[in-house]
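Below are some remarks on the model, set out as numbered points for discussion alongside the sequence and the coordinates.

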Amino acid sequence: MLVPLHGFVSGDTVGLLMLLHDTDTIEHLAQTLMAAASVRIAPAPRARVYRGSTELPREQTVAGVGLTALERVDLVPEWSAAGGAG
Amino acid sequence: MLEREDWLPLARKLDWEFSYVSAREVFPEAVSGTPWLEPADWQDWDEPYRTSFGEYAAVQHQKELRWGAIREAVGRVGDFQRLDRGWLSAVKLHASTFALAEFAAVMGNLRAARFGRDSAWRTSATFGALDELRHTQIPLTLLHDLVRWDVQFDWAHKLFHTNNWVSIAGRHLVDELLLSADPIEFAVATHFVFETGFTNLQFVGLSTLARDAGDRAIELMLQSIQTDEARHSQIGDPVLETLLRHDPERAQRLVDKWFWRSWLFFAVVTGFAMDYLTPLEHRRYSFKEFVEEWIVSQFAEQLARHGLALPWYWPQFLQCLDYYHHMLYASAYTYRASLWFDCVLPGPKELEWLRSKYPESFGEFEPIWRRVAERQRQAGPGVEWYTHGTTPITFCDLCQLVLCGGTPQQNSARTLHHDGRRYVFCSEPCAWIFETEPERYAAHKSVVGRILAGEAPANLLELLRSYFGLDQSMWGKDVARGAYGWLDGPAVPPSPSEGSSGGAPC
């Protein structure tokens, strides 16, 4: 099932519409959101995804963390640490 | 023969007591406005111009003669072809958002010309309707001749007839402000807040810029319009005064609501023009400086004069002066194909100017502009897509503008559940306006709502073409097609937080 989300990247200027499958992982969400903002924000080596103040585990799925249609998610790029994108 | 002072009060004040129907039947509250007051409560209504129809017609006739001469002298296609392309984008943005909105204001004024509660008010509103008709016709006639040269000028008339996202936002504002508001709300919102408070930004501020940019036609057009605005905006004060005497809470709520909605509109239209589209050498003041003079100082004094408090979100508004139109413009530039005017990529000198005018905030935008500029440098002139977003953006369920509130570090968007549906708002004031009257706004669908309902395509290119009414010949591009001299030099090394710029475009 498709889950539309409002995605925001820290440092960016606008909200982005993310259309994800509920089986997609938070890692995938992070990569997709970072790519969507990449015109304005250079992709970071690593990033954290938040719903409100709660960080979402990257290995879990959209359905697994309970994200539902049109919720807000925030991506905070991290520039100092090495690792996979998102 | 009667002197003017003897007959004018009789001509303006023609209220009488009804014998066959009641005043409530003649002026139903649903159309005349809330609160419904007895006729005696309105009998002292007055405004300073006290114009008769004969005087109005004579003055307007002279204005029209002058305007005709100006158009002949400096309003031809060749006069516009000499102007800076960025400035012309400011003209396109102004004309498209104002011309048909002014026509909607004809109807708002005509509603007051029938259902305003005092005869002098109705007389002034009649003149206001005629003014607004003039304000529709002047830019449309001026710019129509330019369409064969530059098809983007067609959007002066076309915008509000499309489902372009700016049009949806504009109609959401105009429908409520001008077409559906009762005369009391219309007077407070349009005459007091919008015209007394904000139009100075556009008609005085932009007129000054037009003069400096060598655009005499637009300069004098705006000045001519402003003389009308200054007169009919005076309707607002006495309506507000009466409302304050009987329902001060409603007066404050209307001011708070319409100040915010007006601010968002002018942040787009005037903010873009003053800080980005006007050539740097013609800018004297920043948008923030204009707002500080005309709104923060002068309009705030008017609020105090009426005994009104500053809107409850005033600290947020002041923060917005440093951020909101910058957030919007960076977003608009990277989605410029969704617009009908070209956008300017700010270069090193423009960034330096913006940094000097916005020392507390612009540092947060510079990495974005360096990133976009570097991608443009890699792509080379004529390549638009490498500096353009491909993912649909999201929109506020109140103002219908993109979610650009807050700061780059903390976007102020918030969601809200209402009646089984989740809504998103760009800011606290937009959420507050919605929550105050959800029945007024809840059924409206933003662009995202239309995409999810299958009414609009999710694919961005299809959205632009089949829903926003744009094609490649007219959609917004970089004003210089990426051919900036300052991009010919070596790449600017990114800061650590800007990372690498990725590969060159294919």
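1. In this predicted model, helix H5 of chain B (residues 53-74) has 22 residues, which at 1.5 Å a residue should span 32 Å; the C-alpha atoms at its ends lie 31 Å apart, so the computed length agrees with the expected one. As for its surroundings, H5(B) is hardly covered, with a count of one for the buried residues among its 22.

2. The largest nonpolar core comprises 177 residues, and those with the most contacts inside it are Leu33(A), Val188(B), Cys396(B) and Phe425(B). Helix H14 of chain B (residues 248-277) contributes the largest share of this core, namely 18 residues.

3. Which residues does Val188(B) touch, leaving aside those up to four places away in sequence? Among them are Val193(B), Gly236(B), Val239(B), Leu240(B) and Leu243(B), and the list also includes Ala251(B), Leu254(B), Val255(B) and Trp258(B).

4. In chain A, strand E5 (residues 71-78) runs parallel to strand E1 (residues 2-9), to which five bridges join it, and the partner of Phe8(A) in E5(A) is Asp74(A). Strand E3 of chain A (residues 46-51) also pairs with E5(A) over five bridges, but in the antiparallel sense; here Arg46(A) has Glu78(A) as its bridge partner.

5. The contact between the chains draws 25 residues from chain A and 37 residues from chain B. On the side of chain A that touches chain B, the elements giving two or more residues are E1, E2 (16-21) and E5 of chain A, and by class this side has 15 nonpolar, six polar and four charged residues.

Notes. Residues are numbered from 1 along each chain as its sequence is written. Chains are lettered from A and ligands numbered from 1 in the order in which they are written. This is a predicted model: local features need pLDDT of at least 70, side-chain atom pairs count only at pLDDT 80 or more; totals for chains, interfaces and linings use all residues. A nonpolar core is a set of buried Ala, Val, Leu, Ile, Met, Phe, Trp, Tyr and Cys residues joined through C-beta atoms within 7 Å. A residue is buried if 20 or more other C-beta atoms lie within 10 Å of its own, exposed if 12 or fewer, and partly exposed in between; C-beta atoms are placed from the backbone. Helices (H or I, at least four residues) and strands (E, at least two) are DSSP runs, numbered from the N terminus. Two residues are in contact if their C-beta atoms, placed from the backbone, lie within 7 Å. The expected span of a helix is 1.5 Å times one less than its number of residues. Two strands pair if DSSP finds at least two bridges between them. Ala, Val, Leu, Ile, Met, Phe, Trp, Tyr, Cys and Pro count as nonpolar, Asp, Glu, Lys and Arg as charged, and the others, Gly among them, as polar.
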